[in-house]
Amino acid sequence: MRRQADSAVRLALPGGEGDGLMKQGWQAFSGVLVLGALVLGSGCGRIGATAQERINLALPPPAEVEASRGALDRLATELGEDGKALAANYQARLGERALECAGDFRPSMWTGDDAIREAIGSTPCLDEADRKLHDWVGHRRIALLLAAPPLRPVPAVARPVLEAAGPVEAVAFAERAGVMLVQTHTHYQLIDIGSGESIATGPHGGTAAQLSPNGRLFVSGGAEAEVREAATGDLLARFPGVPANRFFWVHGVGAYYMGGQQDAPTFIDFSTGQSTALAVSMESLEHVSPLVGEPVRHVLGGGSKLAVVALLQSGSAWQPTLAAEINLTGGSWDAATTGSTADGSAVHLVGPDLKLLDTRSTRVSSRSFEPLRLQQVVATGNPDELILCGFYRDAEDAGTECLLHSIVGRTAARLSSREVVGATLAYAGPLQRNAMIDGNTVRVLDRVETDPPEPVGEYLARRALEFETVASALEEQRHVLGGRTDRAALRAAVLEDIRERNGGVMPPLPAVPGER
C-alpha cells in the first residue's frame, strides 16, 4: 500500500518533482522528531507540566522531606486513611512553594532545569519553604499516629521484671498500650511490657518523656522538644525553646506545650498544624490531665495557677477555650510529687502540704503530714490510695519512709518492704499496678506490703513522739557520759521504753541518728 501511494504521488507531479518533494518532507519530519526528543529529554521542558511543576522538578525538596512523605503515604495505607487527599494537599503546598520562591520568574515549556536553577538558585525562601513542608508532613504523621490503635496490646499478665540496656533513671507507661519508655543516662528505650522485647532505642539528648496514650509517640531532647515515632525513633517535629517535659499529649488530636520565653501555654492541633496560645498568663506548664468523664476538658497547672481549658471542635479542627482560672496558695508542680489518681478524679501536688484538686468540682484541699516532709507521691491501682514518701523533719538521718495513704479514709499504713522504701516508684497505668526501678530493671509489683493502717493524725503523732524520745535520750546520755554515747545500750533502752508504752507491741522505728 505504501509503495502504491508513493507512486501515485510521483505520477501526479510532472517532471519527477515528486521524488524531490518527498525527500524534503522526510527531512523536515526528521527535524521535528529530533527537536521533540530534545524537548522531552530536557530536565524541565516537560510537555503538559505547569510552571510550578517544572520549578519543583528542577529544584525538588530535600531527600529527608521526600523520605518523610513516603513514610506518610505508607502509614496512611496501613491505617486505611485517605491517601489521595494527603497527596493532593502535599502537591498544593509544593505549588505554593514554587510560586512564592520563584518571584516573577515563570519558566516556559522550553526552559531547561539548569536555566531554572540559575534563575532561582538556592534561596532562604526555599530553605524556609522546605522546613515548613517538612513540618507539615511530620505533623500529618503525628496526627495519624495519635489516632491509631495501641502500638502493642495491654497484656493480661506483664513480665514481673523488665530489663533495660543500662541503669534506669526514669520510666513512663503508656495509658492504653502495653509499652513503657525507659530513660537511662544517655539513651531512651521502648520496651514491650508483655514480652520484654526492646522495640526501639537511641540517644535522647537530655530526657525521654511524655509517652502518648497509645504508645506510638514520645518526646525527647533537652531545651528543644523532639517528637519521635516510638516504633522507629524517627524524628517527626521539633519545638525550639520548649523543654521536653513541658509537652503534654491531649485527646488523641494534639498537645499543650509551653516554652521558657512564653507566658501562656499553646495548643497545637496536629490534624491541621494550627497552634493557638491560651488566653491565660502562667509562669510555667508542669501538669496536664483531663477532667473525669470529660476527655475534651483539661486541667493545666504551673506556677501558682490552675487553668481549666475546653477543646471545641469545628469541622475537623480543634480550638482551646479557657473555662476557668484558679490561683493556688503554695504548692509545687515538681514532677516527683505531681500527678493524678488512677481514675483521674484528683490531681496531687505538694507545697509543703499535700494538695488535692478534685477534678469534678475543681476545688483544692490541703492536708498536712508534718513532721513528714513529702518528696515523692505516686498513684496506685486504687483511686483512693496514694503512696507518699519523704523524710522526717529534724530526723533526716532516719532515712526515707513511705506510707500508703487513703484519701477518703484519711489513714496511713507504713510500707513494710525494705526494698521498696527509698526506691524510685512509678504507676503502671495499663496494668493498674506499681513498679519500681531497680538498677537495670523495672520490677512490676503485684502488691505493696504495708503495716496495718492507722488514722493519719495518730500515726504521725506517734512517730513524732518516737523521734523526740530517741533525741532526748541521746542528749541525756551525752550529758551523763561527758559527751560520749553508748548508742547500742541507748537504743535498747529506748526500744524497751516504747514497747512498754505501746502495750508490748513494737512499732516501726528509724535508726538512731549517728554522731559526727
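The backbone oxygen of serine 281 lies 3.1 Å from a polar atom in the side chain of lysine 305. This contact belongs to a predicted model, and lysine 305 offers a convenient point of entry into it. The residue is found in strand S16. Is lysine 305 buried or exposed? Its relative accessibility is 16%, and a residue counts as buried under 20%, so lysine 305 is classed as buried. Leaving aside residues up to four places away in sequence, lysine 305 touches Val280, Ser281, Met282, Leu300, Glu325, Ile326, Asn327 and Trp333.

Strand S16 itself covers residues 305–314 and pairs with strand S17, residues 317–327, in the antiparallel sense over 10 bridges. Within this pairing, leucine 312 has glutamine 319 of S17 as its bridge partner. The two strands form a hairpin with 2 residues between them. Glycine 315, in the turn, has a positive phi of about 70°.

A second arrangement of strands can be followed elsewhere in the chain. Four strands make up an open sheet in the order S1-S28-S27-S26, with antiparallel pairing. Strand S1 (161–163) and strand S26 (425–428) stand at the edges; each has a single partner strand, so one side of each is left without a neighbour in the sheet. On average, and with direction ignored, neighbouring strands of this sheet are turned by 30° against each other. At one edge of the sheet, S26 pairs with strand S27, residues 433–438, in the antiparallel sense over 4 bridges. Here tyrosine 427 stands opposite asparagine 434 in S27.

The helices may be introduced through H4, which comprises residues 63–79. Why does a span of 24 Å agree with the 17 residues of this helix? At 1.5 Å a residue, H4 should span 24 Å, and its end C-alpha atoms are 24 Å apart, so the two values agree. The buried residues of H4 include Val65, Ser68, Gly70, Ala71, Leu72, Leu75 and Ala76. Among the elements that cover the buried residues of H4 are helix H5 (83–102) and helix H7 (124–146). After H4 comes glycine 80, with a positive phi near 70°.

Helix H5 takes the path further. Aspartate 82 caps its N-terminal end: a side-chain oxygen of this residue lies 3.2 Å from the backbone nitrogen of lysine 84. H5 has 20 residues and reaches 29 Å from its first C-alpha to its last, close to the 28 Å expected at 1.5 Å a residue. Buried positions in H5 include Leu86, Tyr90, Leu94, Gly95, Arg97, Ala98, Cys101 and Ala102. The buried residues of H5 pack against helix H3 (51–58), H4, helix H6 (113–120) and H7. H4 and H7 have thus appeared in two settings: H7 helps to cover the buried residues of H4, and both helices pack against those of H5. Glycine 103 follows H5 and has a positive phi near 65°.

These elements can finally be placed within the protein as a whole. Its secondary structure comes to 9 helices and 29 strands. Of the 516 residues in the protein, 45% are buried. Among contacts with a separation of 6 or more, 49% are accounted for by residues 24 or more positions apart. The accessible surface of the protein comes to about 25500 Å², and carbon and sulfur atoms account for 52% of it.

Conventions:
Residues numbered from 1 in each chain as written. Predicted model: local features only at pLDDT ≥ 70, side-chain atom pairs only at ≥ 80, totals over all residues. Heavy atoms only, no water. Pairing = 2+ DSSP bridges. Buried < 20%, exposed > 50% of the residue type's maximum accessible area, 1.4 Å probe, protein only. Contact = heavy atoms within 4.5 Å. Areas by Shrake-Rupley, 256 points an atom, 1.4 Å probe, with all protein chains shown as cover. Expected span 1.5 Å × (residues − 1). Polar contact = N/O pair within 3.5 Å; in protein donor to acceptor, adjacent residues only side chain to side chain. Axes fitted to C-alpha atoms, helices over the stretch in contact; angles between N-to-C directions.
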